[in-house]
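Let's take a walk through this one, beginning with how the strands pair up and ending at the ligand.

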Amino acid sequence: MTTPRFKLHQLFLRLRAEFLKRLRREPPIDQLNRALADRERFFRAPELDAELLAAVKLITPQFHLRANEESRLLWELSQNGSSWGEYEALAPVLEALPTPTRVLEIGPGLGRSVVFFKRKLGWETVPFHLYEGDGDKTRYTVMGPRTNASFCGSIAGLERVLEHNGVDAWEVHDAARNSYRLDTLPGPFDLVYSFYGVGFHWSIEHFWSELETLMEEDSLGIFTVHHGFEPSDRLRDFGCALVPFQRILAKDRPLRMLLVSRNPERLASVAS
Ligand SMILES: C[S@@+](CC[C@H](N)C(=O)[O-])C[C@H]1O[C@@H](n2cnc3c(N)ncnc32)[C@H](O)[C@@H]1O
(Lines give C-alpha, C1' and ligand atoms only; values in the text may rest on other atoms or scores of the structure.)
Protein backbone atom coordinates (compact mmCIF):
# COMPACT_ATOMS: atom_id res chain seq x y z
CA MET A 1 0.00 0.00 0.00
CA THR A 2 1.29 3.53 -0.78
CA THR A 3 1.07 5.47 2.50
CA PRO A 4 1.96 9.19 2.76
CA ARG A 5 5.10 8.14 4.70
CA PHE A 6 6.15 5.79 1.90
CA LYS A 7 5.56 8.53 -0.68
CA LEU A 8 7.68 10.94 1.35
CA HIS A 9 10.46 8.36 1.56
CA GLN A 10 10.28 7.84 -2.24
CA LEU A 11 10.55 11.58 -2.74
CA PHE A 12 13.57 11.74 -0.44
CA LEU A 13 15.26 8.90 -2.38
CA ARG A 14 14.56 10.61 -5.70
CA LEU A 15 15.92 13.97 -4.54
CA ARG A 16 19.02 12.36 -3.06
CA ALA A 17 19.65 10.37 -6.26
CA GLU A 18 19.29 13.55 -8.34
CA PHE A 19 21.67 15.43 -6.03
CA LEU A 20 24.30 12.64 -6.25
CA LYS A 21 23.86 12.47 -10.01
CA ARG A 22 24.67 16.18 -10.26
CA LEU A 23 27.76 15.62 -8.14
CA ARG A 24 28.60 12.69 -10.47
CA ARG A 25 28.71 10.31 -7.49
CA GLU A 26 27.54 6.71 -7.53
CA PRO A 27 24.29 6.03 -5.66
CA PRO A 28 24.96 4.42 -2.28
CA ILE A 29 24.11 0.73 -1.94
CA ASP A 30 21.19 1.57 0.37
CA GLN A 31 19.41 3.06 -2.66
CA LEU A 32 18.90 -0.41 -4.05
CA ASN A 33 15.58 -2.16 -3.61
CA ARG A 34 16.72 -4.69 -0.98
CA ALA A 35 13.97 -7.17 -1.84
CA LEU A 36 15.73 -7.61 -5.22
CA ALA A 37 19.34 -6.82 -4.35
CA ASP A 38 19.50 -9.44 -1.60
CA ARG A 39 18.34 -12.34 -3.81
CA GLU A 40 20.62 -15.17 -4.94
CA ARG A 41 23.46 -13.80 -7.01
CA PHE A 42 23.66 -15.36 -10.48
CA PHE A 43 25.43 -12.48 -12.20
CA ARG A 44 29.03 -11.76 -11.17
CA ALA A 45 30.77 -8.53 -12.12
CA PRO A 46 34.46 -8.66 -13.01
CA GLU A 47 36.84 -6.01 -11.71
CA LEU A 48 35.88 -2.64 -13.17
CA ASP A 49 39.07 -1.66 -14.99
CA ALA A 50 39.16 1.47 -17.15
CA GLU A 51 37.93 -0.35 -20.27
CA LEU A 52 34.98 -2.09 -18.63
CA LEU A 53 34.10 1.01 -16.64
CA ALA A 54 33.87 2.99 -19.89
CA ALA A 55 31.54 0.33 -21.33
CA VAL A 56 29.33 0.33 -18.21
CA LYS A 57 29.13 4.13 -18.28
CA LEU A 58 27.98 4.17 -21.90
CA ILE A 59 25.23 1.65 -21.26
CA THR A 60 24.12 2.94 -17.84
CA PRO A 61 25.02 6.65 -17.85
CA GLN A 62 22.73 7.22 -14.84
CA PHE A 63 25.26 5.42 -12.60
CA HIS A 64 28.48 7.24 -11.86
CA LEU A 65 30.70 4.32 -11.03
CA ARG A 66 34.44 4.29 -10.29
CA ALA A 67 37.22 1.77 -10.63
CA ASN A 68 36.88 0.42 -7.10
CA GLU A 69 35.35 -2.51 -5.23
CA GLU A 70 32.36 -0.52 -3.96
CA SER A 71 31.32 0.35 -7.52
CA ARG A 72 31.94 -3.20 -8.75
CA LEU A 73 29.65 -4.55 -6.01
CA LEU A 74 26.99 -1.91 -6.67
CA TRP A 75 27.01 -2.78 -10.36
CA GLU A 76 26.85 -6.52 -9.65
CA LEU A 77 23.93 -6.12 -7.23
CA SER A 78 22.05 -3.79 -9.54
CA GLN A 79 22.50 -6.00 -12.61
CA ASN A 80 21.50 -9.14 -10.73
CA GLY A 81 18.64 -7.41 -8.90
CA SER A 82 17.24 -5.90 -12.12
CA SER A 83 17.08 -9.39 -13.56
CA TRP A 84 15.30 -10.66 -10.45
CA GLY A 85 12.66 -7.94 -10.79
CA GLU A 86 11.99 -8.97 -14.40
CA TYR A 87 12.11 -12.66 -13.61
CA GLU A 88 9.59 -12.44 -10.75
CA ALA A 89 7.07 -10.83 -13.10
CA LEU A 90 7.81 -13.28 -15.93
CA ALA A 91 8.10 -16.48 -13.87
CA PRO A 92 4.63 -17.87 -14.74
CA VAL A 93 5.29 -17.33 -18.46
CA LEU A 94 8.90 -18.52 -18.52
CA GLU A 95 8.31 -21.57 -16.36
CA ALA A 96 5.45 -22.69 -18.65
CA LEU A 97 7.67 -22.23 -21.74
CA PRO A 98 9.15 -25.43 -23.20
CA THR A 99 12.97 -25.21 -23.12
CA PRO A 100 13.73 -23.02 -26.17
CA THR A 101 15.88 -24.33 -28.99
CA ARG A 102 17.11 -20.83 -29.82
CA VAL A 103 16.93 -17.48 -28.01
CA LEU A 104 17.61 -13.97 -29.35
CA GLU A 105 18.47 -11.00 -27.15
CA ILE A 106 18.43 -7.61 -28.85
CA GLY A 107 20.82 -5.12 -27.22
CA PRO A 108 22.17 -7.29 -24.37
CA GLY A 109 24.49 -4.55 -23.11
CA LEU A 110 26.96 -6.35 -20.87
CA GLY A 111 25.03 -9.59 -20.65
CA ARG A 112 23.26 -9.56 -17.27
CA SER A 113 20.11 -11.26 -18.64
CA VAL A 114 22.04 -13.92 -20.56
CA VAL A 115 23.81 -15.00 -17.37
CA PHE A 116 20.65 -14.74 -15.28
CA PHE A 117 18.36 -16.72 -17.60
CA LYS A 118 20.95 -19.40 -18.30
CA ARG A 119 21.62 -19.97 -14.60
CA LYS A 120 18.15 -19.44 -13.17
CA LEU A 121 16.25 -21.39 -15.82
CA GLY A 122 18.85 -24.13 -16.37
CA TRP A 123 19.28 -23.02 -20.00
CA GLU A 124 23.08 -23.47 -19.96
CA THR A 125 23.12 -25.37 -23.28
CA VAL A 126 20.39 -23.33 -25.01
CA PRO A 127 21.99 -21.24 -27.80
CA PHE A 128 21.63 -17.51 -27.13
CA HIS A 129 22.10 -15.18 -30.11
CA LEU A 130 23.11 -11.69 -29.02
CA TYR A 131 22.53 -8.77 -31.39
CA GLU A 132 24.71 -5.84 -30.30
CA GLY A 133 26.77 -3.02 -31.78
CA ASP A 134 29.84 -1.12 -30.66
CA GLY A 135 29.37 2.56 -29.96
CA ASP A 136 31.12 5.48 -28.32
CA LYS A 137 28.18 7.72 -27.44
CA THR A 138 24.91 7.18 -25.58
CA ARG A 139 21.91 8.43 -27.54
CA TYR A 140 18.93 7.19 -25.57
CA THR A 141 15.48 8.46 -26.44
CA VAL A 142 12.01 7.56 -25.19
CA MET A 143 10.36 5.25 -27.75
CA GLY A 144 12.20 7.26 -30.41
CA PRO A 145 13.05 6.64 -34.05
CA ARG A 146 15.37 3.88 -35.22
CA THR A 147 18.92 4.85 -36.13
CA ASN A 148 22.10 2.91 -36.72
CA ALA A 149 23.95 5.49 -34.60
CA SER A 150 22.12 4.45 -31.41
CA PHE A 151 24.35 1.49 -30.54
CA CYS A 152 26.43 2.12 -27.43
CA GLY A 153 27.55 -1.41 -26.66
CA SER A 154 30.99 -2.93 -26.27
CA ILE A 155 31.15 -6.35 -27.89
CA ALA A 156 34.56 -6.99 -26.28
CA GLY A 157 33.13 -5.99 -22.87
CA LEU A 158 30.08 -8.22 -23.37
CA GLU A 159 32.29 -11.19 -24.27
CA ARG A 160 34.52 -10.53 -21.29
CA VAL A 161 31.62 -10.41 -18.81
CA LEU A 162 30.08 -13.60 -20.22
CA GLU A 163 33.43 -15.38 -20.04
CA HIS A 164 33.92 -14.16 -16.47
CA ASN A 165 30.56 -15.70 -15.57
CA GLY A 166 31.53 -19.01 -17.19
CA VAL A 167 28.39 -19.31 -19.34
CA ASP A 168 28.51 -21.18 -22.66
CA ALA A 169 26.40 -21.46 -25.81
CA TRP A 170 26.16 -17.83 -26.90
CA GLU A 171 27.11 -16.01 -30.06
CA VAL A 172 27.38 -12.28 -30.61
CA HIS A 173 26.07 -10.86 -33.90
CA ASP A 174 27.60 -7.49 -34.63
CA ALA A 175 24.79 -5.25 -35.91
CA ALA A 176 27.22 -3.40 -38.20
CA ARG A 177 28.11 -6.66 -39.95
CA ASN A 178 24.43 -7.54 -40.30
CA SER A 179 23.45 -4.38 -42.18
CA TYR A 180 21.71 -3.30 -38.93
CA ARG A 181 18.87 -5.66 -39.78
CA LEU A 182 17.28 -8.20 -37.47
CA ASP A 183 16.05 -10.39 -40.31
CA THR A 184 19.65 -11.30 -41.19
CA LEU A 185 19.85 -13.29 -37.93
CA PRO A 186 19.61 -17.10 -37.91
CA GLY A 187 16.00 -17.37 -36.76
CA PRO A 188 13.32 -18.32 -36.10
CA PHE A 189 13.66 -18.00 -32.33
CA ASP A 190 11.45 -19.46 -29.61
CA LEU A 191 12.18 -16.49 -27.38
CA VAL A 192 13.10 -12.96 -28.49
CA TYR A 193 13.64 -10.25 -25.90
CA SER A 194 14.99 -6.76 -25.48
CA PHE A 195 15.30 -5.15 -22.06
CA TYR A 196 15.55 -1.35 -22.00
CA GLY A 197 16.29 -1.45 -25.73
CA VAL A 198 13.84 -1.98 -28.60
CA GLY A 199 10.43 -0.98 -27.25
CA PHE A 200 11.90 1.29 -24.56
CA HIS A 201 14.47 3.68 -26.05
CA TRP A 202 13.43 2.99 -29.64
CA SER A 203 9.84 2.37 -30.60
CA ILE A 204 9.08 -1.27 -31.36
CA GLU A 205 7.03 -0.13 -34.36
CA HIS A 206 10.24 0.55 -36.33
CA PHE A 207 11.46 -3.01 -35.80
CA TRP A 208 8.20 -4.92 -35.95
CA SER A 209 8.22 -6.05 -39.60
CA GLU A 210 11.68 -7.63 -39.07
CA LEU A 211 10.80 -9.03 -35.65
CA GLU A 212 7.70 -10.72 -36.97
CA THR A 213 9.75 -12.76 -39.43
CA LEU A 214 11.85 -14.14 -36.56
CA MET A 215 8.88 -15.46 -34.59
CA GLU A 216 6.91 -18.64 -35.26
CA GLU A 217 3.44 -19.61 -34.01
CA ASP A 218 4.61 -20.50 -30.49
CA SER A 219 7.40 -17.93 -30.14
CA LEU A 220 7.34 -15.43 -27.32
CA GLY A 221 8.66 -11.87 -27.43
CA ILE A 222 9.35 -9.73 -24.35
CA PHE A 223 10.19 -6.01 -24.43
CA THR A 224 10.56 -3.44 -21.64
CA VAL A 225 8.26 -0.52 -22.44
CA HIS A 226 7.94 3.05 -21.18
CA HIS A 227 5.22 4.31 -18.84
CA GLY A 228 3.24 5.90 -21.67
CA PHE A 229 3.30 2.88 -23.98
CA GLU A 230 0.06 1.63 -25.54
CA PRO A 231 0.09 -1.33 -27.96
CA SER A 232 -0.80 -0.49 -31.57
CA ASP A 233 -3.60 -2.31 -33.37
CA ARG A 234 -1.15 -4.54 -35.19
CA LEU A 235 0.45 -5.64 -31.91
CA ARG A 236 -3.02 -6.33 -30.49
CA ASP A 237 -3.92 -8.33 -33.60
CA PHE A 238 -0.71 -10.33 -33.28
CA GLY A 239 -1.42 -11.07 -29.59
CA CYS A 240 0.01 -9.16 -26.64
CA ALA A 241 -0.14 -8.57 -22.89
CA LEU A 242 1.52 -6.17 -20.47
CA VAL A 243 3.06 -7.18 -17.16
CA PRO A 244 4.41 -4.83 -14.46
CA PHE A 245 7.73 -5.46 -12.75
CA GLN A 246 9.73 -4.02 -9.86
CA ARG A 247 12.94 -2.10 -10.46
CA ILE A 248 16.27 -2.22 -8.68
CA LEU A 249 16.46 1.40 -7.51
CA ALA A 250 14.14 1.94 -4.54
CA LYS A 251 13.23 5.39 -5.92
CA ASP A 252 11.96 4.03 -9.25
CA ARG A 253 8.30 3.32 -9.98
CA PRO A 254 7.51 -0.09 -11.52
CA LEU A 255 7.65 -0.38 -15.30
CA ARG A 256 5.94 -2.85 -17.63
CA MET A 257 7.05 -5.46 -20.10
CA LEU A 258 5.22 -6.06 -23.36
CA LEU A 259 4.74 -9.75 -24.13
CA VAL A 260 3.86 -10.77 -27.68
CA SER A 261 2.91 -14.15 -29.12
CA ARG A 262 0.62 -15.52 -31.80
CA ASN A 263 -0.18 -18.35 -29.38
CA PRO A 264 -2.62 -17.07 -26.71
CA GLU A 265 -1.53 -19.88 -24.36
CA ARG A 266 1.90 -18.27 -24.04
CA LEU A 267 0.25 -15.14 -22.61
CA ALA A 268 -2.54 -16.81 -20.65
CA SER A 269 -0.85 -16.66 -17.25
CA VAL A 270 -0.40 -12.87 -17.41
CA ALA A 271 -3.23 -11.68 -19.68
CA SER A 272 -6.04 -10.00 -17.75
C1 LIG B 1 19.93 0.61 -21.99
S2 LIG B 1 20.95 -0.56 -22.79
C3 LIG B 1 20.21 -2.06 -22.21
C4 LIG B 1 21.21 -3.15 -22.00
C5 LIG B 1 20.64 -4.45 -21.44
N6 LIG B 1 19.58 -4.95 -22.27
C7 LIG B 1 20.17 -4.27 -20.03
O8 LIG B 1 18.95 -4.27 -19.79
O9 LIG B 1 21.02 -4.16 -19.14
C10 LIG B 1 20.41 -0.47 -24.50
C11 LIG B 1 21.14 -1.44 -25.41
O12 LIG B 1 20.51 -1.41 -26.71
C13 LIG B 1 21.52 -1.39 -27.70
N14 LIG B 1 21.00 -0.73 -28.91
C15 LIG B 1 21.18 0.54 -29.30
N16 LIG B 1 20.57 0.76 -30.48
C17 LIG B 1 19.99 -0.39 -30.85
C18 LIG B 1 19.23 -0.78 -31.99
N19 LIG B 1 18.95 0.06 -32.98
N20 LIG B 1 18.81 -2.06 -32.07
C21 LIG B 1 19.10 -2.90 -31.06
N22 LIG B 1 19.80 -2.60 -29.96
C23 LIG B 1 20.26 -1.34 -29.85
C24 LIG B 1 22.65 -0.61 -27.05
O25 LIG B 1 23.89 -0.82 -27.73
C26 LIG B 1 22.60 -1.13 -25.62
O27 LIG B 1 23.34 -2.30 -25.47
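Two strands count as paired if DSSP finds at least two bridges between them. Helices (H or I, at least four residues) and strands (E, at least two) are DSSP runs, numbered from the N terminus. Bear in mind that this is a predicted model: local features need pLDDT of at least 70, side-chain atom pairs count only at pLDDT 80 or more, and totals for chains, interfaces and linings use all residues. Residues are numbered from 1 along each chain as its sequence is written.

**Strand E2 and its partners**

E2 (residues 128-132) pairs with a strand listed in each row below.

| Partner of E2 | Bridges | Sense | Bridge pair |
|---|---|---|---|
| E1 (residues 103-106) | four | parallel | Ile106 with Tyr131 |
| E3 (residues 170-174) | five | parallel | Asp174 with Glu132 |

To get from E2 to E3 the chain goes through helix H6 (residues 155-164), in a right-handed β-α-β crossover. Right-handed here means that, with the strands pointing away from the viewer, the path from the first strand over the helix to the second runs clockwise. The trip from E1 to E2 goes by way of helix H5 (residues 112-121), and that β-α-β crossover is right-handed too.

How many of E2's five residues are buried? Five of the five are, where buried takes 20 or more other C-beta atoms within 10 Å of a residue's own, exposed 12 or fewer, and partly exposed anything in between, with C-beta atoms placed from the backbone. Side chains in a regular strand alternate between the two faces of the sheet. In E2, Phe128, Leu130 and Glu132 point one way, while His129 and Tyr131 point the other way.

**Out in the loop**

Asp136 sits in the loop between E2 and H6. Asp136 counts as exposed because it has 9 C-beta neighbours inside 10 Å. Its C-alpha is 8.7 Å from that of Ser154, a residue 18 places away in sequence.

**The core**

The largest nonpolar core (buried Ala, Val, Leu, Ile, Met, Phe, Trp, Tyr and Cys residues joined through C-beta atoms within 7 Å) has 66 residues, and Val192 is one of those touching the most other members. Helix H4 (residues 69-96) gives the most to this core, with eight residues. Leaving aside residues up to four places away in sequence, Val192 touches Leu104, Leu211, Leu214, Met215, Ser219 and Gly221.

**Around the ligand**

The ligand has 19 residues around it, and the closest are Gly107, Gly109, Ser150, Gly153 and Gly197; a residue is near if its C-beta atom, placed from the backbone, lies within 6 Å.

Methods: Two residues are in contact if their C-beta atoms, placed from the backbone, lie within 7 Å.
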